[in-house]
Amino acid sequence: MLQRYLPYITYLKFNIHSFNKSANHWIDITLAQWQRRIAIFNIEMIVGKIEDTNQVALVN
């Protein structure tokens, strides 16, 4: 559904906690897929609510 709006979007903001499946399991592949998809449209990714070094590593 969001796909058709990608050409008109400047940035997408994600809450880092949306990628936390459990206390010790991060859904990093989903974040990586978003990064690849929005790069096609030159969309900037903004990730909010980063609270620790594990989350920084996930975003990097």
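How much accessible surface does the protein have, and what share of that surface belongs to carbon and sulfur atoms? In this predicted model, the accessible surface comes to about 4600 Å², and 52% of it belongs to carbon and sulfur atoms.

**Overall build**

The protein has two helices and four strands, and when the elements are read from the N terminus on, their order is β-β-β-α-β-α. Of its 60 residues, 22% count as buried. If one takes the contacts between residues at least 6 apart in sequence, 64% of them join residues at least 24 apart.

**The nonpolar core**

In soluble globular proteins, nonpolar side chains tend to be buried together. Here the largest nonpolar core has five residues in all, namely L6, L12, F14, I38 and I43. One of these core residues, I38, can be followed further: when its neighbours within four places in sequence are left aside, I38 is in contact with L12, I43, E44 and M45. Two of these partners, L12 and I43, are also members of the core.

**A nonpolar patch on the surface**

Nonpolar residues also occur on the surface, where L2, Y5 and Y8 form a patch with about 360 Å² of accessible area together. Within this patch, Y5 has its place in the segment before β1, a strand that covers residues 11-15. Y5 counts as partly exposed because its relative accessibility is 41%, a value that falls between the 20% limit for buried residues and the 50% limit for exposed ones.

**Two asparagines**

The residues N42 and N60 can be set beside Y5 in a small table of relative accessibility.

| Residue | Relative accessibility | Class |
|---|---|---|
| Y5 | 41% | partly exposed |
| N42 | 70% | exposed |
| N60 | 78% | exposed |

N42 lies in the loop that runs between α1 (28-40) and β4 (44-48). Why does N42 count as exposed? The reason is its relative accessibility of 70%, since a residue is called exposed when this value is over 50%. The backbone of N42 deserves a look as well, for its phi is near 55°, a positive value in a residue other than glycine. Most residues other than glycine have a negative phi.

N60, in turn, lies in the segment after α2, the helix that covers residues 53-59, and N60 is exposed, with a relative accessible area of 78%. How far apart are N60 and A32 in sequence and in space? These two residues are separated by 28 residues in sequence, while the distance between them in space, taken from C-alpha to C-alpha, is 9.7 Å.

Conventions. Residues numbered from 1 in each chain as written. Predicted model: local features only at pLDDT ≥ 70, side-chain atom pairs only at ≥ 80, totals over all residues. Heavy atoms only, no water. Patch = residues over 30% accessible without salt bridge, like charges linked within 9 Å, V, L, I, M, F, W, Y side chains within 5 Å. Areas by Shrake-Rupley, 256 points an atom, 1.4 Å probe, with all protein chains shown as cover. Salt bridge = Lys/Arg side-chain N within 4 Å of Asp/Glu carboxyl O. Buried < 20%, exposed > 50% of the residue type's maximum accessible area, 1.4 Å probe, protein only. Contact = heavy atoms within 4.5 Å. Core = buried A, V, L, I, M, F, W, Y, C linked by side-chain atoms within 4.5 Å.
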